[in-house]
6 protein chains.
Amino acid sequence: MKRSDGRKPNELRVIKITKDYLKHPAGSCLIECGETKVICTATVENTVPPFLKGTGKGWVTAEYGMLPGSCSSRIKRNDASGRVHEIQRLVGRSLRAVVEMNQIGENTIKIDCDVIQADGGTRTASITGGFVALVLALDKMKKQKIIQRIPIKDYVAAVSVGIVENTLLLDLKYDEDSNAQMDMNVVMLGKEQFVEVQGTAEKGSFSKKQMDGLLDLAQKGVEQLMTIQKGILKGIKF
Amino acid sequence: MKRSDGRKPNELRVIKITKDYLKHPAGSCLIECGETKVICTATVENTVPPFLKGTGKGWVTAEYGMLPGSCSSRIKRNDASGRVHEIQRLVGRSLRAVVEMNQIGENTIKIDCDVIQADGGTRTASITGGFVALVLALDKMKKQKIIQRIPIKDYVAAVSVGIVENTLLLDLKYDEDSNAQMDMNVVMLGKEQFVEVQGTAEKGSFSKKQMDGLLDLAQKGVEQLMTIQKGILKGIKF
Amino acid sequence: MKRSDGRKPNELRVIKITKDYLKHPAGSCLIECGETKVICTATVENTVPPFLKGTGKGWVTAEYGMLPGSCSSRIKRNDASGRVHEIQRLVGRSLRAVVEMNQIGENTIKIDCDVIQADGGTRTASITGGFVALVLALDKMKKQKIIQRIPIKDYVAAVSVGIVENTLLLDLKYDEDSNAQMDMNVVMLGKEQFVEVQGTAEKGSFSKKQMDGLLDLAQKGVEQLMTIQKGILKGIKF
Amino acid sequence: MKRSDGRKPNELRVIKITKDYLKHPAGSCLIECGETKVICTATVENTVPPFLKGTGKGWVTAEYGMLPGSCSSRIKRNDASGRVHEIQRLVGRSLRAVVEMNQIGENTIKIDCDVIQADGGTRTASITGGFVALVLALDKMKKQKIIQRIPIKDYVAAVSVGIVENTLLLDLKYDEDSNAQMDMNVVMLGKEQFVEVQGTAEKGSFSKKQMDGLLDLAQKGVEQLMTIQKGILKGIKF
Amino acid sequence: MKRSDGRKPNELRVIKITKDYLKHPAGSCLIECGETKVICTATVENTVPPFLKGTGKGWVTAEYGMLPGSCSSRIKRNDASGRVHEIQRLVGRSLRAVVEMNQIGENTIKIDCDVIQADGGTRTASITGGFVALVLALDKMKKQKIIQRIPIKDYVAAVSVGIVENTLLLDLKYDEDSNAQMDMNVVMLGKEQFVEVQGTAEKGSFSKKQMDGLLDLAQKGVEQLMTIQKGILKGIKF
Amino acid sequence: MKRSDGRKPNELRVIKITKDYLKHPAGSCLIECGETKVICTATVENTVPPFLKGTGKGWVTAEYGMLPGSCSSRIKRNDASGRVHEIQRLVGRSLRAVVEMNQIGENTIKIDCDVIQADGGTRTASITGGFVALVLALDKMKKQKIIQRIPIKDYVAAVSVGIVENTLLLDLKYDEDSNAQMDMNVVMLGKEQFVEVQGTAEKGSFSKKQMDGLLDLAQKGVEQLMTIQKGILKGIKF
């Protein structure tokens, strides 16, 4: 099985993260995974959802959108499909996994992930880039003395894996994703720990052995993504 | 760790499926998993989504809802939250995995899963019960000579597993689910094949070893569920 | 004129009320009027509509829905048609007629009527069953010492009557209702008093004399319904 | 009991109908019942609802609205409350009762009733005025040779009655309506025939004898309204 | 170029303003510009938008609607199209230009402009009539001692101008407006000052010289409108 | 009056247009006007609005949005405020002014303008950049032989002007715009012709003489913008 961009089965696309991409938000970056490009921003609002009022704890949540021109056929603006809901819930949960909520006061950090160009893997790019925007925003909060330290427990990054023509592949492009027998999104912390595993057979089914192989691929990919995150966030201590 | 209803960690709740529960739909059942009760119905509509028009293929899709009085605090009627979207997409995908779409004509079979009482595991009960309603509807279509045979490739059933107080548990009740470190919904076909695996750490993270243990538990649970399905559907050949 | 289920013109269908049908709501029942089946629940919320804030008075309101699989053709989920609005307003008004609002504190009791199977008369069944759920919820409030006594002034029950093939009939089934020249929903208290009378000619018109005959039939039907309510609520004093 | 505008209990308010009030619609009038003022228009659209496609029959339907400045406190624009739904369904049913649907071709006549000033009785004024707009539109259709004759079977008009301070009153003003123990909207054809009777106890309940008295009052009121309708429509034969 | 109603190019249609047209609102009028008829009402609410809370300042805002029967083809009720938004923003801005917001307390004056018959120029009629309703409401507030004086800085009125068949025209009727090469809405205060100028080429483009000619026409028209406003508001000092 | 970025009153910000910014749409560019950055895309759909069906003519329309992180305070996603409607109508009209609709077949070209960073002038940047995306899309249609030539009649570009501290300024930044006494958006073709002029006094009013000065400034600005457009589109003949 030959990949359309010539990568090896266990090879990530070229990843590029540009931090401070926009001037207004507390934190922001542009993450590019091959042709997939997502703007991630983090804004801080001095309020929390009702269930946290008066607890002294904060909240982290995410929203996700695609520009109308981001896909090969135009995306209807303001689509709030089930897919969008699913993705923003996934991104929010993944980022909350690494934040000490009782250390950010009664503030909500909202992560917006806006896909300007899509070529597969937009939800995992949103998690990996969203983490960078989140840390940058926390760093700004620290500089503004809203918080004393950056209350991040671990790195978090995500990647997709899947099976195409019976071959296990890392980091699927759109053409691969749409032909996959199954794909799986894997969100991990450092030290081989999982936060979220979502595997779906699109055609047929998959065995435990295949799943084991894919988790292994994913772990290698996430390690490389964290190396890139660390380079970008170098100088911010947590 | 002692379970509140006295079950062993690897023990399912009492499962009861009442078929032909309602008189109007083509197929229907009430599935009870302990205190969780879901009405599953299957109705057939002589139409398909736009992307299938003219292909000769049919479609299977699902909707999910909770009665206002199904939970300990009242559920707002007609809630179309992200959670609901996520569940109905999961149920639909799981059931589509076993249907030969080119054998049902340009018809849509809609599976409605309405929770009348919730105590954890409503989405997995919806899949397990939805499959029964689906087969009953196909059997009716066969009797009406709309189809020649029942185009089902395999059984499909689902169960939740999770980690509570570091113990791996099968089939979480609500009190367990809301205290779980992580939980995982597992959808399987016969012969140890997976259709969907969704594991989420609610607090912290989980290791590969824990995941292996949970998948093992899930497989045992699904086998028992399929035995029950087979008993209910006895006499329908596919 | 022969009725499809063999009843006499002045005969009710078999009525069955199962109390405490669901475990979570303060009050609940399943009411079955022949093949029509409605789950009625009553939940108590510690809030009132804006116009009652600070008055010390409470409120009773109702919502009505039909499960997608409750009818012979699938009902679109979350339908908020004019018909639904009309029914929930009718149910709410009917139940408020018997409650002393200044005796329940600033609480709202919400009655949810969810039709799981429809065969005519769902709105009148909702009133008759909703009353049972309401009293059960008040009994629970009394046991929880939120109220001192059960502030119910009278029983309330409802039935439909109508004219089919020029015959006056009590308690119309769906096949009768859809062929009726006119039908009338009658809500009554004890002692031959009316709360609501809604008569509608579906084809042509009706005379005063016909109306008198129907009101007479309705009164007999409501008396029997109240006997059943009293049996179910035996032991609750008000 | 003295009425605030000095009327006798069985006296209508001054009724004035101005026909052809607007230049664009096929039929239109302004109906004034005392201070209540409603613009009724009838427009013809060359289409029918799906369930009538291909039957050769037409349809009559109604919409109802209140201008924001029509009441003593401002009405939210575009309110689609349960009350509005209830009213437009009532107006539509009442007018359909007198139209031979198979004589108007596959056309829909839409009656819009827009309240510019409200002082009680807007729904009954909408029916009485809506009938005038409807006949004017049919007359125009006849002149345009779309139809051969005016397919109206009878006059239809409506009035409210009610009980205030134990006195039976005809044609309630707003101050009376809001203090009524019960009120009833009565829609009638000629010759003492009823199309719709909707009686509601707002406080307590009502007896059969009271209902009989009110129906008698209503019948007298409707007769006078029809005399006015006949004067306005003089020269149009049906 | 001959105008369909025989007017000279620089001639307004017959303008008629009926004040206190409705009894409930604080201020109201019916403005008729030829066949265009708009009901303008002003209601006062004791609240302000969030950004003004606690500032001691008030607010003026506008809403605009068309009755379903106001046009030659029926207008869908509750249309909230871009056009409607544009118009209500324009009317609101124009009226705010003449009110001293810090003199009306934390109150919102809402101007509703409801078109009952449309024949071109409904938005400019809404401004000219809306001003009358606004001043009448302020006069009522003064009589009720809510304010001490009427805090209006200047008159405001509006008119449309445009180019049809290369002729510059004042106050376009619908038939002219729909054939115009360009049209322009001009909102002015007294003393030749502009508040808003919106010129749009519907076909092709327009030159600076044409624009100058149109602004000159508009100014003459506005002067006449203000003379009419002054006549109507005679006796109210500001 | 000194401008915050040191520009002279009649000086544009640095303008940069990057063409073919995204890979999927038929035409696209990123336009940067100082810190304001807008992605403009043009997509072609083989359909037209109902009023053009069967006419052989095409349509051009626009949508406008702001990313949540584009402003100093977070923008609610999917905002469809009056302001948004106003802008997308303006952009659509401006671009339609230069297209020969009968030369593009029954196709709709949709221009999406998505602001990724806002600093004043986003609507005029959308027009100027939208024109570039439109021409690029037409060029692609020509290469695909859908059209024979590029049916563009003229260039179109837009700029804002306004009065701040009594000084007439070209191309307002956000800090200037929010302090302006009045501002005006001017859309022009080549040869000193106007398509749209929208002047609004935000505080007080403005005179004819001021308006003349501003239109003069705008014309100079638009000429420079067109020089940039011509450079970008060099090689495309129309």
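**Reading axes and helix contacts**

Modeller: Among the residues of chain F, F:Asn78 has the C-alpha that comes closest to the rotation axis, at 2.6 Å. Before we go on, this is a predicted model, in which local features need pLDDT of at least 70, side-chain atom pairs count only at pLDDT 80 or more, and totals for chains, interfaces and linings use all residues. Residues are numbered from 1 along each chain as its sequence is written, chains are lettered from A and ligands numbered from 1 in the order written, and side-chain values use heavy atoms, leaving out hydrogens and water.

Colleague: What rotation superposes chain F on chain A?

Modeller: In general, two copies of a chain are related by a rotation about an axis and a shift along it. Here chain F goes onto chain A by a rotation of 180° with 0.0 Å of shift along its axis, at an RMSD of 0.0 Å (a least-squares fit on C-alpha atoms of residues with pLDDT of at least 70 in both copies). The two copies meet through the same surface, because 100% of the interface residues of chain F are also interface residues in chain A (contact means heavy atoms within 4.5 Å).

Colleague: By what turn can chain B be laid on chain A?

Modeller: By a turn of 180°, with a shift of 0.0 Å along the axis and an RMSD of 0.0 Å. Chains B and A are thus related as by a two-fold rotation axis. In chain B, B:Gln198 has the C-alpha nearest that axis, 2.2 Å away. The same surface serves both copies, with 96% of the contact residues of chain B recurring in chain A.

Colleague: Which chain does chain F not contact?

Modeller: No contact joins chain F to chain C, and their closest C-alpha atoms lie 23 Å apart. Chains B and D do not touch either, with nearest C-alpha atoms 16 Å apart.

Colleague: Now for helices. At what angle do the axes of H2(D) and H4(D) cross?

Modeller: Helices here are DSSP runs (H or I) of at least four residues, numbered from the N terminus. The axes of H2(D), residues 122–143, and H4(D), residues 208–233, cross at roughly 25° and come within 11 Å. H2(D) and H4(D) are therefore roughly parallel (angles under 35 degrees).

Colleague: Which residues make the contact?

Modeller: H2(D) brings D:Thr128, D:Phe131, D:Val132, D:Val135 and D:Leu136, and H4(D) brings D:Leu225, D:Gln229, D:Ile232 and D:Leu233.

Colleague: What follows H4(E)?

Modeller: E:Gly235, whose phi is positive, near 100°.

Technical notes. Helices (H or I, at least four residues) and strands (E, at least two) are DSSP runs, numbered from the N terminus. Axes are lines fitted to C-alpha atoms, for helices over the stretch in contact, and angles run from 0 to 180 degrees between N-to-C directions. Angles under 35 degrees count as roughly parallel, over 145 as roughly antiparallel, 65 to 115 as roughly perpendicular and the rest as oblique.
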